[in-house]
Amino acid sequence: MTRKANTIREMPKPANGGERADEVRRVIYERALALFETKGFAGTSMNEIASACGVSKPAIYHYFRNKSHLLETLYADITRNFFDAIQNIAFDTGGPEERLRRLIRYQSIYNIDHRRFLTVFWRERHVIEQEDRRNLAEREREFEGWVRKILVDGCAAGIFREVEVDVATFGILGMLSAVHRWSPYVDQSPEAVAETLSDMIVRGLLREPGEGAPVP
């Protein structure tokens, strides 16, 4: 059995330099995240991150200009596929009920799978540089718009009850944004948690039989 590399220096050097760079970043992410969890963002120095990775501090600066950049880049890498998937769900041709269920299930499982990072990120995001925070806020507004679109489509089609869409949007997002915090305390798989949440939220929005149709 091949011994797992403990430091960046011990990592094998593949022919593809790009693959090595990706692997180095992954190691830095993992070691930095472990330090942020135990010592906090402010309490962790770049020297400590470098030491945990088995390299000098200048080697870390080759990949990240500072701790804020490291945290922001980690967020961008982790969420890139997530935002693409959510956008595809929002604009899919399926019905609003089916799209909302898919979105809730996808985000619930994603948040649970990435709960270590999300715990650190939401605790420390105030330290991210102003320009990066502005970019994050713009991305989050897009996300809110995709959820709102599904709700508007469902209300217009008479599938969902007439609700205050902004309240419903932020209520759903607020519920989903907390799932990574409490999911370790329930004896359920991520898939089971996601299914329960999607059923609970969607059932609360569906128009009851005989309930008045929306006014054109």
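**Exercise 1. Identify the acidic partner of Arg-99 and state which helices the contact joins.**

Solution. In this predicted model, Arg-99 pairs with Asp-153 in a salt bridge whose closest N and O atoms are 3.2 Å apart. Arg-99 belongs to helix α5 (residues 96-113) and Asp-153 to helix α7 (residues 130-156), so the contact ties together parts that are 54 residues apart in sequence. The next step is to classify each side by its accessibility. Buried requires under 20% relative accessible area. Arg-99, at 5% relative accessibility, therefore counts as buried. Asp-153 reaches 24% and is accordingly partly exposed.

**Exercise 2. Determine which residue forms a salt bridge with Asp-199, and decide whether each of the two is buried or partly exposed.**

Solution. The partner of Asp-199 is Arg-101, with 3.5 Å between the closest N and O atoms. Asp-199 is located in helix α10 (residues 190-205) and Arg-101 in helix α5, so this bridge ties together parts that are 98 residues apart in sequence. For Asp-199 the relative accessibility is 26%, which means that this residue counts as partly exposed. For Arg-101 the value is 14%, and Arg-101 therefore counts as buried.

**Exercise 3. Describe the salt bridge between Glu-195 and Arg-105, then name the residues of the network that contains Arg-101.**

Solution. The side chains of Glu-195 and Arg-105 meet at an N to O distance of 3.6 Å. Distant parts of the chain are linked here, since Glu-195 is in helix α10 and Arg-105 in helix α5, 90 residues apart. Glu-195 has a relative accessible area of 38% and is partly exposed. Arg-105, at 27% relative accessibility, is also partly exposed. Turning to the network, salt bridges with shared partners connect Glu-97, Arg-101, Asp-199 and Arg-203. The structure as a whole holds 20 salt bridges.

**Exercise 4. Characterise the aromatic pairs that Phe-83 forms with Phe-82 and with Trp-146.**

Solution. A pair of aromatic rings is described by the distance of the centres and the angle of the planes. The structure contains 13 aromatic pairs. One of them joins Phe-82 and Phe-83, with centres 5.3 Å apart and 65 degrees between the planes. An angle over 60 degrees counts as edge-to-face, so this label applies to the pair of Phe-82 and Phe-83. Phe-82 is buried, with a relative accessible area of 5%, and Phe-83 is buried at 4% relative accessibility. Phe-83 also pairs edge-to-face with Trp-146, at 6.5 Å centre to centre and 65 degrees between the planes. This second pair links distant parts of the chain, Phe-83 being in helix α4 (residues 67-90) and Trp-146 in helix α7, 63 residues apart. Trp-146 has a relative accessibility of 6% and therefore counts as buried.

**Exercise 5. State which residues form one aromatic cluster with Phe-83, and which ring has Lys-67 over its face.**

Solution. The cluster consists of Phe-82, Phe-83, Tyr-106, Tyr-110, Phe-143 and Trp-146. Among these residues, Phe-83 and Trp-146 form the edge-to-face pair described in the preceding exercise. For the second part, Lys-67 lies over the face of Phe-41, and its distance from the ring centre is 4.6 Å.

Note on methods
Residues numbered from 1 in each chain as written. Predicted model: local features only at pLDDT ≥ 70, side-chain atom pairs only at ≥ 80, totals over all residues. Heavy atoms only, no water. Salt bridge = Lys/Arg side-chain N within 4 Å of Asp/Glu carboxyl O. Helix = DSSP H or I, 4+ residues; strand = E, 2+ residues; numbered from the N terminus. Buried < 20%, exposed > 50% of the residue type's maximum accessible area, 1.4 Å probe, protein only. Phe/Tyr/Trp six-rings, centres within 6.5 Å; stacked < 30°, edge-to-face > 60°. Lys NZ or Arg CZ within 6 Å of the ring centre and 35° of its normal.
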